Amino acid sequence: MESKTTTDRINWLAILRGMTIMFVVMNHIQLLDTSTGENHQFIETINYWLHYLRIPTFVFVSGTLLYYTRINKGWNVPDLYKDKFTRIGLPLIFCTCLGTIMQIMFNGVVKTPHPVTLESFFRSFVVIEGFPWPHRWYLMTLLTLMLLYPLYISIKKRSLSYILLVVLFLFQKTDLTGISETNWFHIFSINRYIPFFVLGIVSCHYGWWTKILEHTKIIAPASWILYVIMVFMDKFFQINEFFPFCELVGILSMMSTAMLIDKFIPSLFHSFRNYIFPIYLFGIAFQAFVELIVWRGLGCPEQLVIPFYFINLGFGIYCPVLMGKIVERIPVKFIRQCFGIK
């Protein structure tokens with residue numbers, strides 16, 4: 001029985017990761033509407049409804065994985081730091097260099113053109129705004145979250161865990177970016193993400209997910225209904241301005257749905273859910289090819305916008321998967337690590 005529980009736990013997490021990365025890739029879709037000069041409105045509408053789901057759940061899953069793969073196995077601080085530098089730091093360095101090279105080569109067609117200098121190159125390692133591949137912010141945030149590993153393993157009492165969560169969520173909406181003109185290493189935005197990361201750790205440590213697992217058929221639809229209501233209320237009454245109500249309900253909706261899917265279609269997203277990191281790192285580059293070269297090269301044909309939406313989504317997911325399968329065959333471990341492959 002214990003073996004089955006462990007397997008179920010890992011599989012619903014894998015499904016949840018697949019759902020989340022798909023939503024992240026969907027958020028990166030940009031198809032120019034020539035009548036407005038902006039992204040198509042239906043894409044923006046989809047992104048609006050997914051806004052409260054993507055990153056909070058992504059960060060939450062990162063916390064749960066840290067618990068199951070490191071904290072629960074008793075990893076010490078030095079080993080954790082070494083492991084996360086190779087798993088996160090090396091891809092960050094590699095993607096920063098790669099992004100700069102692509103900026104130089106395609107500066108005339110990229111979304112945010114700017115001259116590349118030696119100063120801007122070194123600055124791009126610690127600043128996101130105005131530099132190539134701004135999605136690197138998540139790697140910077142993850143590295144910062146991992147540096148706080150001693151905090152996570154030092155909280156032993158349930159009461160202290162709850163107090164920590166309450167404090168973190170109370171400050172989640174506080175804008176700290178005004179502290180400095182430059183958001184170095186995205187550090188002044190860390191309060192937006194650490195509550196969900198710690199929530200992932202605490203919820204796993206105390207087995208909260210098992211309560212959801214017992215009642216997924218009720219919780220999944222009920223939480224989605226509540227999510228829609230909360231998003232509508234936030235749109236008109238800004239209920240989410242001071243506390244992340246929508247994000248918390250969104251995480252519950254995503255979790256319960258992943259658990260429900262695991263009962264009926266346990267292999268869902270199996271084709272790409274083992275390549276989450278490469279998809280996040282490189283999917284945006286393949287999407288840019290579709291958006292900037294193919295879509296605009298064809299004159300932004302309005303009648304093909306929906307097919308191109310799914311083409312863009314497919315390129316953003318499966319081109320990195322193909323790349324990952326090729327990189328896996330490279331015998332040099334350092335190269336695989338740069339691409340986010342073990």
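A search of the whole structure, which is a predicted model, finds zero disulfides. Cysteine 300 is one residue that takes part in none, and the nearest cysteine sulfur, belonging to cysteine 319, is 20 Å away. A disulfide requires two cysteine sulfur atoms within 2.5 Å, so a separation of 20 Å rules one out.

Cysteine 300 sits in the loop between H13 and H14. Its relative accessibility is 6%, so this cysteine counts as buried. Its phi is positive, about 55°, although the residue is not a glycine. Cysteine 246 is buried too, with a relative accessible area of 0%.

Histidine 186 also has a positive phi without being a glycine; the value is near 60°. This histidine lies in the loop between helix H8 (158-170) and H9, and it is buried at a relative accessible area of 9%.

**Confidence in the model**

The protein chain has a mean pLDDT of 93, and 96% of its residues reach 70 or more. Which elements mark the two ends of the range? Helix H1 (residues 2-27) has the lowest mean pLDDT, 78, and helix H14 (residues 305-328) has the highest, 98. Over residues 1-8 the pLDDT stays under 50, and the model shows two contacts for this stretch beyond four places in sequence.

**Helix H6 and its surroundings**

Helix H6 covers residues 137-147, and 10 of its 11 residues are buried, so the helix is largely enclosed by the rest of the structure. Among the buried residues are Trp137, Tyr138, Thr141 and Leu145. Which helices do the buried residues of H6 pack against? They pack against helix H3 (54-71), helix H4 (77-105), helix H7 (149-154), helix H9 (194-205) and helix H13 (276-297).

Two residues of H6 can be looked at one by one. Methionine 140 is in this helix and has 0% relative accessibility, so it counts as buried. Leaving out residues up to four places away in sequence, methionine 140 touches Leu92, Ser124, Phe125, Val126, Val127, Ile128, Phe185 and His186. The last of these is the histidine with the positive phi described above. The C-alpha atom of methionine 140 is 31 Å from that of tryptophan 224, and the two residues are 84 residues apart along the chain.

Threonine 144 belongs to H6 as well. Its relative accessible area is 11%, and it is buried. Apart from neighbours within four places in sequence, threonine 144 is in contact with Phe185, Ile187 and Ile190. Phe185 is also among the residues that methionine 140 touches.

**Two helix pairs**

Two packed helices are described by the angle between their axes and the distance between the axes. The table gives these values for two pairs.

| Helix pair | Angle between axes | Distance between axes |
|---|---|---|
| H2 and H11 | about 110° | 10 Å |
| H4 and H6 | roughly 170° | within 10 Å |

How are H4 and H6 oriented to each other, roughly parallel or roughly antiparallel? An angle over 145 degrees counts as roughly antiparallel, and H4 and H6 are therefore roughly antiparallel to each other. On the H4 side the contact includes Leu80, Tyr81, Lys84 and Ile88, and on the H6 side it includes Leu139, Met140 and Leu143. The residues of this contact divide into 11 nonpolar, one polar and one charged.

The other pair joins H2 (residues 41-50) and H11 (residues 216-237), at about 110°. That angle makes H2 roughly perpendicular to H11. Tyr48, Trp49 and Leu50 in H2 meet Tyr227, Val228, Val231, Phe232 and Lys235 in H11. By class, this contact has seven nonpolar residues, no polar ones and one charged.

**Glycine 324 in H14**

Glycine 324 is found in helix H14, the element with the highest mean pLDDT. Is this glycine buried or exposed? Its relative accessibility is 1%, so it counts as buried. Not counting residues up to four places away in sequence, glycine 324 touches Tyr275 and Ile341. Its C-alpha atom is separated by 6.6 Å from that of proline 278, although the two residues are 46 residues apart along the chain.

Conventions: Residues are numbered from 1 along each chain as its sequence is written. This is a predicted model: local features need pLDDT of at least 70, side-chain atom pairs count only at pLDDT 80 or more; totals for chains, interfaces and linings use all residues. Side-chain values use heavy atoms; hydrogens and water are left out. Axes are lines fitted to C-alpha atoms, for helices over the stretch in contact, and angles run from 0 to 180 degrees between N-to-C directions. Helices (H or I, at least four residues) and strands (E, at least two) are DSSP runs, numbered from the N terminus. Angles under 35 degrees count as roughly parallel, over 145 as roughly antiparallel, 65 to 115 as roughly perpendicular and the rest as oblique. Contact means heavy atoms within 4.5 Å. Ala, Val, Leu, Ile, Met, Phe, Trp, Tyr, Cys and Pro count as nonpolar, Asp, Glu, Lys and Arg as charged, and the others, Gly among them, as polar. Buried means under 20% relative accessible area, exposed over 50%, partly exposed in between (1.4 Å probe, protein chains only). pLDDT is the predictor's confidence in each residue, from 0 to 100.
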